[in-house]
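I opened this one up to see how the chain is put together. My notes follow in the order I looked things up.

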Amino acid sequence: MDEEIEIINSITRKEKFFIFLKSNKKKILSILISFILIIIIFFSYKEYKKNQEIIFSETYNLAVIQYNDRKIEQSISNLKKLIEKKHKTYSVLAFYFLLDNNIITSKNEINSYFDLIINQIDLEKEMKNLVIYKKALFNAEFADENQLIKILNPLFNSNSVWNSHGQLLLAQYFLAKSEKQKAKEFLEKIINSDNSNINIKNDARKILLAEFSE
């Protein structure tokens, strides 16, 4: 008797299952198609990103080769195109290559590229802070006090590893302008901070001894 009941229940469950499939055929088919499309899109996107990385890499390497071969205009064009692509690795490398080799000299153009990298590229926090520091370093020769402090404020308002570097840059900036009291304030901030880079802290002590010892 029990076996017969079990057989009947089994048949009933199968019938219910097939009835469910039949009545929800369109929904199930739609879900399956969606799932397959998601898988296709996912792997297609991964392949696309991989190919894009290859293209960016090849473009950067070509630009460097062109520069070394004295094809300066082609090199500049490719490097600037890379910057505009806003890639977190190759846009930054392209800009630094232009900057380090003095290929672009316009202060406004250089600062516009700094701003693009800082504000429009999703860099890791400390990488972005490094770019901010480099921008301040570049502007230190001609910017006024307020401009330089404005550039460095994101570092000063954080626990960035580049904070003390920025403080030392301002101290040196004020020393160059013979504003020794302002320089001393920044040097003392470096020394008194627990978060200061140890090498920067030692440099600050040396400057204090050299400039302010009686």
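Before anything else, I wrote down what a helix is here: a DSSP run of H or I with at least four residues, numbered from the N terminus. With that settled, I could place Asn 102, which sits in the loop between H4 and H5. I also noted that I am working with a predicted model.

**Entry 1: the whole chain.** I counted elements and got 10 helices and 0 strands. Reading from the N terminus, the order is α-α-α-α-α-α-α-α-α-α. The chain has 214 residues, and 34% of them count as buried. I looked up the surface too: about 14600 Å² is exposed, with carbon and sulfur atoms supplying 55% of that. Then I checked contacts with a separation of 6 or more, and 45% of them come from residues 24 or more positions apart.

**Entry 2: two odd phi values.** I remind myself that most residues other than glycine have a negative phi. Asn 102 goes the other way, with a positive phi of about 55°. I asked myself: is Asn 102 buried or exposed? It is exposed, because its relative accessible area is 59% and the cut-off is over 50%. Arg 70 also has a positive phi, near 70°, and is not a glycine. I found Arg 70 in the loop between H2 and H3. Its relative accessible area is 69%, so Arg 70 is exposed as well.

**Entry 3: Gln 66.** I stepped back along the chain to Gln 66, which lies in helix H2 (residues 25-68). Why does Gln 66 count as buried? Its relative accessible area is 12%, and buried means under 20%, so it qualifies. Skipping neighbours within four places in sequence, I listed what Gln 66 contacts: Lys 71, Ile 72, Gln 74, Ser 75 and Asn 78.

**Entry 4: H3 against H5.** Next I looked at helix H3 (residues 72-84), which packs with H5 at an angle of about 35°. Their axes are 10 Å apart. Which residues meet there? From H3 I noted Lys 80, Ile 83 and Glu 84, and from H5 Glu 109, Tyr 113 and Leu 116. Sorted by class, this contact has 3 nonpolar, no polar and 3 charged residues.

**Entry 5: helix H6.** H6 covers residues 125-139, 15 residues in total. I checked its span from first C-alpha to last: 21 Å, close to the 21 Å expected at 1.5 Å a residue. Its buried residues are Asn 129, Leu 130, Val 131, Ile 132, Tyr 133, Lys 135, Ala 136 and Asn 139. What do they pack against? I found helix H4 (90-100), helix H5 (107-120), helix H7 (145-156) and helix H8 (163-176).

I zoomed in on Val 131, which is buried with a relative accessible area of 1%. Leaving out residues up to four places away in sequence, Val 131 touches Tyr 96, Phe 114, Ile 117, Ile 118 and Leu 123. Phe 114 is 17 residues away along the chain, yet the two C-alpha atoms are separated by 7.3 Å.

**Entry 6: the core.** The largest nonpolar core has 51 residues, and Phe 95, Ile 117, Leu 152 and Leu 170 touch the most other members. Which helix gives the most to this core? H4 does, with 8 residues. Last, I followed Leu 152: apart from neighbours within four places in sequence, Leu 152 contacts Ala 136, Gly 166, Leu 169 and Leu 170.

Notes:
Residues numbered from 1 in each chain as written. Predicted model: local features only at pLDDT ≥ 70, side-chain atom pairs only at ≥ 80, totals over all residues. Heavy atoms only, no water. Helix = DSSP H or I, 4+ residues; strand = E, 2+ residues; numbered from the N terminus. Expected span 1.5 Å × (residues − 1). Buried < 20%, exposed > 50% of the residue type's maximum accessible area, 1.4 Å probe, protein only. Contact = heavy atoms within 4.5 Å. Core = buried A, V, L, I, M, F, W, Y, C linked by side-chain atoms within 4.5 Å. Axes fitted to C-alpha atoms, helices over the stretch in contact; angles between N-to-C directions. Nonpolar A, V, L, I, M, F, W, Y, C, P; charged D, E, K, R; others polar. Areas by Shrake-Rupley, 256 points an atom, 1.4 Å probe, with all protein chains shown as cover.
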